[in-house]
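I opened this notebook to keep track of what I looked up, one topic per entry.

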Amino acid sequence: MKKQFDIIVYPTSTLENTIQDPALEYFPSLSINDSLHFTTAEWIIILHHDLHKHFSVNHLNEIANVCLEFPMIDCFSPILEFLDTKLSPYLLDYSKGVTPQNKVEGALYDYVAAPHPYLTIVSRRIVQRTGALDLSFPLNLQFVAWGLRMYHAQGKVFSFPLQNFSMQSSFNTDVLSHHKELALVLHKNLGFKKAIDFMKKNFSWLSLFYFIKNYRTIRKKRRKATLLSPLRDADLEKLYHS
């Protein structure tokens with residue numbers, strides 16, 4: 001019988017399992033991409049080590065239920081509530097490029113542009129279609145780029161609320177601190193015009209020079225990521241918050 005879940009916990013080389021279940025396999029990981037190659041389950045949970053300490057069987061059961069309820073979805077990114085803040089997946093934003101879902105009004109269960117890196121659930125089929133993370137970007141943007149690439153591969157990313165974690169949040173989801181790399185992510189997945197629009201609204205000489213320097217490389221990556229993409233501009237517009 002095929003396993004339902006493998007759990008990649010990063011960044012760590014050692015691990016004490018918080019859920020004792022022979023049907024689960026844990027992968028302590030210093031490289032998410034390397035660990036993905038060894039997974040065999042239908043779904044892979046990618047979990048930050050700090051969050052893993054508080055990850056319970058109740059959380060796992062909630063994830064299992066949502067995977068069963070929404071079989072057409074390829075990636076789930078839960079809205080996480082901590083003692084001091086919320087953490088949520090990303091929506092596209094006309095001005096900022098991307099923005100956390102919890103910063104705008106909207107449904108808790110909804111399509112989003114990309115997952116956050118601290119707890120993400122991906123299907124084996126979408127991993128096979130998209131490969132893995134683009135390590136040329138900072139961690140948050142690796143997941144933004146991966147989520148958008150899933151849409152080009154006919155996948156979908158979906159948010160849902162997960163029960164509270166009794167801990168203070170130490171996670172950084174500020175993608176705008178990486179202006180110059182975000183422009184490249186937008187060009188790779190949304191096209192040249194979207195990247196230029198973003199840089200005009202968030203202009204800096206450093207971002208412009210960085211974009212010019214890396215333009216040829218990212219253009220090649222865009223061709224590869226979008227070669228067989230069925231995604232239309234109208235589909236992308238649905239991923240923007242209004």
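Before reading off any burial values, I noted the cut-offs: a residue is buried under 20% relative accessible area, exposed over 50%, and partly exposed in between. I also noted that I am working with a predicted model.

Entry 1, a charged pair across the sequence.
I looked up D74 and found a salt bridge from D74 to R125, with 2.6 Å between the closest N and O atoms. D74 sits in the loop between α3 (57-69) and β4 (75-81), and R125 sits in helix α4, so this pair ties together parts that are 51 residues apart in sequence. Are the two partners buried or exposed? D74 has a relative accessible area of 3%, which means that D74 is buried. R125 has a relative accessibility of 28%, and because this value falls between the two cut-offs, R125 counts as partly exposed.

Entry 2, other salt bridges.
I noted as background that side chains of opposite charge can pair when their charged atoms come close. How many salt bridges does the count come to? The count comes to nine.
I then took the pair of D197 and K193, where the closest N and O atoms are 3.0 Å apart. Both residues belong to helix α7 (residues 192-201), and they are four residues apart, so about one helical turn separates them. D197 is partly exposed at 23% relative accessibility, and K193 is exposed with a relative accessible area of 60%.
I also looked up D235, which forms a salt bridge with R232 at 3.3 Å between the closest N and O atoms. R232 counts as exposed, at 55% relative accessibility. I added a note on K3, D6 and E25, which salt bridges with shared partners join into one network.

Entry 3, the largest pocket.
I looked up the largest pocket and wrote down a volume of about 390 Å³. The pocket is lined by 19 residues, and those closest to its centre are R129, T130, R149, K224 and A225. Which elements give two or more residues to the lining? They are α4 (124-130), α5 (139-152) and α8 (205-226). The largest share, four residues, comes from α8. By residue class, I recorded seven nonpolar, six polar and six charged residues in the lining of this pocket.

Entry 4, R149.
I went back to R149, which is among the residues closest to the centre of the largest pocket. R149 lies in helix α5. What is the nearest side chain of opposite charge to R149? The nearest is D134, 5.8 Å away, and R149 is buried yet has no salt bridge. I did find that the side chain of R149 reaches the backbone oxygen of A132 at 2.3 Å.

Entry 5, two buried residues.
I looked up Y118 in the loop between β8 (110-111) and β9 (119-123). Y118 counts as buried, at 7% relative accessibility. From Y118 to F165 I recorded 47 residues in sequence and 13 Å in space, C-alpha to C-alpha.
I looked up V122 as well, which lies in strand β9. V122 has a relative accessible area of 0% and is buried. V122 and V66 are 56 residues apart in sequence, and their C-alpha atoms are 12 Å apart in space.

Terms used:
Residues are numbered from 1 along each chain as its sequence is written. This is a predicted model: local features need pLDDT of at least 70, side-chain atom pairs count only at pLDDT 80 or more; totals for chains, interfaces and linings use all residues. Side-chain values use heavy atoms; hydrogens and water are left out. On a 1 Å grid over the protein atoms alone, a cavity is a set of points where a 1.4 Å probe fits but cannot get out, and a pocket is an open set with protein on both sides within 12 Å along at least five of seven lines; lining residues have an atom within 4 Å of a point. Grid points are joined across faces, edges and corners, and a volume is the space filled by probe spheres set on the points. Ala, Val, Leu, Ile, Met, Phe, Trp, Tyr, Cys and Pro count as nonpolar, Asp, Glu, Lys and Arg as charged, and the others, Gly among them, as polar. A salt bridge is a side-chain nitrogen of Lys or Arg within 4 Å of a carboxyl oxygen of Asp or Glu. Buried means under 20% relative accessible area, exposed over 50%, partly exposed in between (1.4 Å probe, protein chains only). Lys and Arg count as positive and Asp and Glu as negative; His and the chain ends are not counted. A polar contact is a pair of N or O atoms within 3.5 Å; within protein, one must be able to donate a hydrogen and the other to accept it, and residues adjacent in sequence count only if both atoms are side-chain atoms.
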